[in-house]
Amino acid sequence: MRRAARPGRCGHNARVNAASSPPATPRRARAARLAVPAGVLAAVAGAFAYVAAVDPNEPGHYPACPLLRLTGLYCPGCGGLRSAHAVAHGDLPAALQANAPAVLGYAAFAVLWTVWVVRVLQDRPFRLDPPPLLMWSLGALLLVFTVVRNLPFGGWLHP
């Protein structure tokens, strides 16, 4: 005698049962789509909280910039931790003085993250596809910033 396959077992019935399962509720599906933006925000907020708690202006807490240590030249990221610390404490002038492009990057992240969440809530896809001209322009601006901050008259850009 042959036994009939029971639902939930391997084989053809498993495919039928998986296909006939009820779809996720819209609220649950939206929460699942918000999980990634929420995780990204939690990671960034955690990093900012750590930098806010551990002052980069005090020596010994963070490693030195390898380029600065080896060559004495400031890279475009030098002062980024001091900038993040100042932003976390609400001191925008100090943040801009430490590393203005980093502050612009923090603001750009906030705007892009907000657009991402709004699109998820509207059930629209979010795709970040900047045009090459924008990327080359940003790279050129960072290069100019790096060169100017290392010239004698660019001392006001030192972190």
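Student: Where do I start with the fold, and what pattern does the protein chain follow along the sequence?

Tutor: Going along the sequence, the pattern reads α-α-α-α-α-α. This is a predicted model, and the protein chain in it has 6 helices and 0 strands.

Student: How much of the protein chain is buried?

Tutor: Of its 159 residues, 16% are buried. As for the surface, about 11700 Å² is exposed, and carbon and sulfur atoms supply 69% of that.

Student: What about contacts between residues far apart in sequence?

Tutor: Take the contacts with a separation of 6 or more: 51% of them join residues 24 or more positions apart.

Student: Let's zoom in on Arg149. Where does Arg149 sit, and is it buried or exposed?

Tutor: Arg149 belongs to helix H6, which covers residues 132-149. Arg149 is buried, and it has no salt bridge.

Student: How do I read the missing salt bridge?

Tutor: Check the distance to the opposite charge. A salt bridge needs the side-chain nitrogen within 4 Å of a carboxyl oxygen. For Arg149, the nearest side chain of opposite charge is Asp55, 15 Å away.

Student: Then what lies around the Arg149 side chain?

Tutor: One of its polar atoms is 3.2 Å from the backbone oxygen of Cys78. Beyond four places in sequence, Arg149 also touches other residues, including Tyr74, Pro76, Asn99, Leu157 and His158.

Student: Which residues make the nonpolar surface patch?

Tutor: Leu134, Met135, Leu138 and Leu141 make it, over about 390 Å². Leu134 is in helix H6 too.

Student: Why can Leu134 count towards a patch?

Tutor: Because patch residues need over 30% relative accessible area, and partly exposed Leu134 has 40%.

Terms used. Residues are numbered from 1 along each chain as its sequence is written. This is a predicted model: local features need pLDDT of at least 70, side-chain atom pairs count only at pLDDT 80 or more; totals for chains, interfaces and linings use all residues. Side-chain values use heavy atoms; hydrogens and water are left out. Helices (H or I, at least four residues) and strands (E, at least two) are DSSP runs, numbered from the N terminus. Buried means under 20% relative accessible area, exposed over 50%, partly exposed in between (1.4 Å probe, protein chains only). Lys and Arg count as positive and Asp and Glu as negative; His and the chain ends are not counted. A polar contact is a pair of N or O atoms within 3.5 Å; within protein, one must be able to donate a hydrogen and the other to accept it, and residues adjacent in sequence count only if both atoms are side-chain atoms. Contact means heavy atoms within 4.5 Å. Patches are made of residues with over 30% relative accessible area and no salt bridge: like charges are joined within 9 Å, nonpolar side chains (Val, Leu, Ile, Met, Phe, Trp, Tyr) within 5 Å. Accessible areas come from the Shrake-Rupley method with a 1.4 Å probe; for residues, only the protein chains shown count as cover.
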